[in-house]
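Subject: The structure I promised you

Hi,

Here is the structure we talked about, ready for you to open and turn around on screen. Have a look at it first, then read on for what I found.

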Amino acid sequence: MELDRLDRDIIGALVEDARSTYAEIGQKVGLSASAVKRRVDRLRETGAITGFTARVDPTALGWTTEAYVELFCVGKTSPSAIGVAVARLPEVISACTITGEADALLHIRATDVRHVEQVIERIAAEPFVVRTKSSIVLSRLIETPLITSRNGSTFVA
């Protein structure tokens, strides 16, 4: 689906505050509330908007430690096999295949370093994992949950 400027502006307003009313969004983008609703409905139907969520500070939930773990796998382990295995772990908040020596990179959130170690032990126990390499995050220097496009619309990074 091709998004026009108004669609992008509506999405930007929703990313900024998904609890905004259609009237509030309409004021920002220059449309009536009913026109905004029709566009949001269309954006949802086409899959451009996949859902609405709350952003929660992980530390408020006790998840104060984070790490990145590189996975080195046996032979030609498929990305789907890796995905299925790590999706069972609630501590794994993101996983992707990557270029370079490692086969995948996992982003983990945990309560403390011992908890990270336990998660890594569970990951390393998977039959396709040869080894792991982990890095504990000491501090976040930049965290940009929103990005702004060239036309000024704001989107989730």
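How many bridges join β1 to β4, and do the two run parallel or antiparallel? There are seven bridges between them, and the strands run antiparallel. One thing to keep in mind as you look: this is a predicted model.

**The strand β1**

If you want to see one of those bridges up close, find Y68, whose bridge partner in β4 is S135. β1 also pairs with β3: here too the strands are antiparallel, with seven bridges joining them. On that side, E70 has L105 of β3 as its bridge partner. Seven of the nine residues of β1 are buried, so the rest of the structure largely encloses this strand.

**The cores**

A bit of background helps here. In soluble globular proteins, nonpolar side chains tend to be buried together. In this model, the largest nonpolar core has 19 residues, and L71, I82, V92, L106 and I123 are the ones with the most contacts inside it. The elements giving two or more residues to this core are β1 (65-73), α4 (79-87), β3 (104-110) and α5 (113-124). There is also a second, separate core, made of 13 residues, including L3, L6, A13 and V40.

V92 is a good residue to click on. Leaving out residues up to four places away in sequence, V92 touches V86, L106, H107, I108 and I123.

**The cysteines**

You may wonder how many disulfides there are: zero. Remember that a disulfide is a covalent bond between the sulfur atoms of two cysteines. Why is C96 not in one? Its sulfur is 13 Å from the closest cysteine sulfur, the one in C73, and a disulfide needs the two within 2.5 Å, so that is too far for a bond. Their surroundings are worth a look as well. C73 counts as buried because its relative accessibility is 11%, which is under the 20% cut-off. C96, with a relative accessible area of 36%, is partly exposed.

**A contact in a loop**

Last stop: E126, which sits in the loop between α5 and β4 (129-136). What does its side chain make a polar contact with? The partner is the side chain of R88, at 3.1 Å. Setting aside neighbours within four places in sequence, E126 is in contact with A85 and R88.

Write back if you get stuck finding any of these.

Cheers

Definitions and conventions:
Residues are numbered from 1 along each chain as its sequence is written. This is a predicted model: local features need pLDDT of at least 70, side-chain atom pairs count only at pLDDT 80 or more; totals for chains, interfaces and linings use all residues. Side-chain values use heavy atoms; hydrogens and water are left out. A nonpolar core is a set of buried Ala, Val, Leu, Ile, Met, Phe, Trp, Tyr and Cys residues joined through side-chain atoms within 4.5 Å. Buried means under 20% relative accessible area, exposed over 50%, partly exposed in between (1.4 Å probe, protein chains only). Helices (H or I, at least four residues) and strands (E, at least two) are DSSP runs, numbered from the N terminus. Contact means heavy atoms within 4.5 Å. A polar contact is a pair of N or O atoms within 3.5 Å; within protein, one must be able to donate a hydrogen and the other to accept it, and residues adjacent in sequence count only if both atoms are side-chain atoms. Two strands pair if DSSP finds at least two bridges between them.
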